[in-house]
Amino acid sequence: MQIESLQNDKIKRLLKLISKNNERRKNEVFIVEGIQENERAIQFGYNPVEYFICNEIFQGSTPDAPVHFVSAKVYEALAYRGSSEGIIGIYKEKQNHLKDFSPKTNSGIILLESIEKPGNLGAVLRSCEAFGIDAIIITDPKTDFYNPNVIRSSVGCLFGMNFFQTDNQSALEFFKKHDYQIITTFMDDNTQQIQKADFNKKTVTCFGTEHSGLSDFWKDKGSNYLIPMTGSIDSLNLSNAVAITCYEILRQKI
């Protein structure tokens, strides 16, 4: 049977999960739209709850989980990308804890403090996955990894990565316990160029919000490095700065 109405109870529940983060967190589920993104979620062991598929659009294989078929009109109202690809999945969240993470000898971690924009977090995840970053941590978050916009903008890169949410103090204690060198990114005169950092040992590079940078919590916690620039502006978009840093980490290791 195909669902034709937005007033259907299943559709109303899905719309709540899509539009209300609190509803999603309360149910410990997240939403995945698109064929590639759903395939990655399954590939990396996430447990599907159910799917909503529009047969008029969907070109993939029917997944092995409960499926509700919806009309093109209903799907268009559900999907962020309008009529594209024809599949939306609901999955159970995984509970990741930093204390359970076992870092590699030359582990590279990116820490983002109080990041707010899901699109930026998604772009950072893509760079971290592409350049082989060992883990990504967000402290005191204003958004979370399972936000639908994060999953969408990361193109599902999230699912194959080590990612953690915690507070600054817990993160610092973890870094001290595992002998990480800490790199900070404050805008001041007492800095070195990022190329002079040694990324062949355990290193965490810490970034703050775009509007205010790192908080004073990270002052004097490590060595300060910045990306060299010759233009008239004094900063880059957060996701661009992280991408350049991730490339430098990989460059030193290959």
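A pocket, as used here, is an open set of grid points with protein on both sides within 12 Å along at least five of seven lines, and its lining residues have an atom within 4 Å of a point. Keep that in mind for the first stop. The model on screen is predicted.

**Stop 1: the largest pocket**

Select Thr-185, Met-187, Leu-226, Ser-235 and Leu-236. The largest pocket has a volume of about 500 Å³. Of its 22 lining residues, those five are the closest to the centre. Now colour strand 12 (223–226) and helix 8 (238–253), the elements that give two or more residues to this lining. Which of the elements gives the most to the lining? Helix 8 does, with 3 residues. Colour the lining by class next: 12 residues are nonpolar, 8 are polar and 2 are charged.

**Stop 2: the second largest pocket**

Move to Glu-93, Lys-94, Gln-95, Tyr-146 and Gln-165. They are the closest to the centre of the second largest pocket, out of 13 residues that line it. About 280 Å³ of space lies here. Strand 8 (residues 163–166) provides the largest share of the lining, 3 residues. The class count is 4 nonpolar, 4 polar and 5 charged residues.

**Stop 3: the seven-stranded sheet**

Show the strands as ribbons. Strand 8 also belongs to an open sheet of 7 strands, ordered 8-7-6-11-9-12-10, with parallel pairing. Strand 8 and strand 10 (192–193) each have a single partner strand, so one side of each is left without a neighbour in the sheet. Strand 12, seen at the largest pocket, sits between strands 9 and 10 in the order.

Zoom in on strand 6 (residues 108–113) and strand 7 (residues 135–139). They pair in the parallel sense over 5 bridges. Pick Leu-112; its bridge partner in strand 7 is Ile-138. Then add the helices. Helix 5 (residues 118–130) lies across strand 6 and strand 7, at about 155° to strand 7. Helix 8 touches strand 6 and strand 11 (203–207), and its direction makes about 165° with that of strand 6.

**Stop 4: the five-stranded sheet**

Go to the other open sheet. Here 5 strands run in the order 1-4-3-5-2, with mixed pairing. The edges are strand 1 (2–3) and strand 2 (29–33), each pairing on one side only. Select strand 3 (residues 48–53) and strand 4 (residues 67–70): they pair in the parallel sense over 3 bridges. Ile-53 has Phe-69 of strand 4 as its bridge partner. Helix 3 (residues 35–43) lies across strand 2, strand 3 and strand 5 (87–92), at about 25° to strand 5.

**Stop 5: a salt bridge on strand 3**

Show the side chains of Glu-50 and Arg-13. They meet in a salt bridge, 3.0 Å from N to O. Where in the chain do Glu-50 and Arg-13 lie? Glu-50 is in strand 3 and Arg-13 is in helix 1 (residues 9–19), 37 residues apart. The structure holds 11 salt bridges.

**Stop 6: the cavity**

Finish inside. The structure holds 1 cavity of 30 Å³ or more, with about 90 Å³ of space. Select its lining: Ile-18, Ile-31, Val-32, Glu-33, Leu-78, Tyr-80, Ile-88, Pro-148, Ile-151 and Arg-152. Strand 2 and helix 6 (148–153) each give two or more residues. By class, 8 of the lining residues are nonpolar, none is polar and 2 are charged.

Terms used: Residues are numbered from 1 along each chain as its sequence is written. This is a predicted model: local features need pLDDT of at least 70, side-chain atom pairs count only at pLDDT 80 or more; totals for chains, interfaces and linings use all residues. Side-chain values use heavy atoms; hydrogens and water are left out. On a 1 Å grid over the protein atoms alone, a cavity is a set of points where a 1.4 Å probe fits but cannot get out, and a pocket is an open set with protein on both sides within 12 Å along at least five of seven lines; lining residues have an atom within 4 Å of a point. Grid points are joined across faces, edges and corners, and a volume is the space filled by probe spheres set on the points. Helices (H or I, at least four residues) and strands (E, at least two) are DSSP runs, numbered from the N terminus. Ala, Val, Leu, Ile, Met, Phe, Trp, Tyr, Cys and Pro count as nonpolar, Asp, Glu, Lys and Arg as charged, and the others, Gly among them, as polar. Two strands pair if DSSP finds at least two bridges between them. Contact means heavy atoms within 4.5 Å. Axes are lines fitted to C-alpha atoms, for helices over the stretch in contact, and angles run from 0 to 180 degrees between N-to-C directions. A salt bridge is a side-chain nitrogen of Lys or Arg within 4 Å of a carboxyl oxygen of Asp or Glu.
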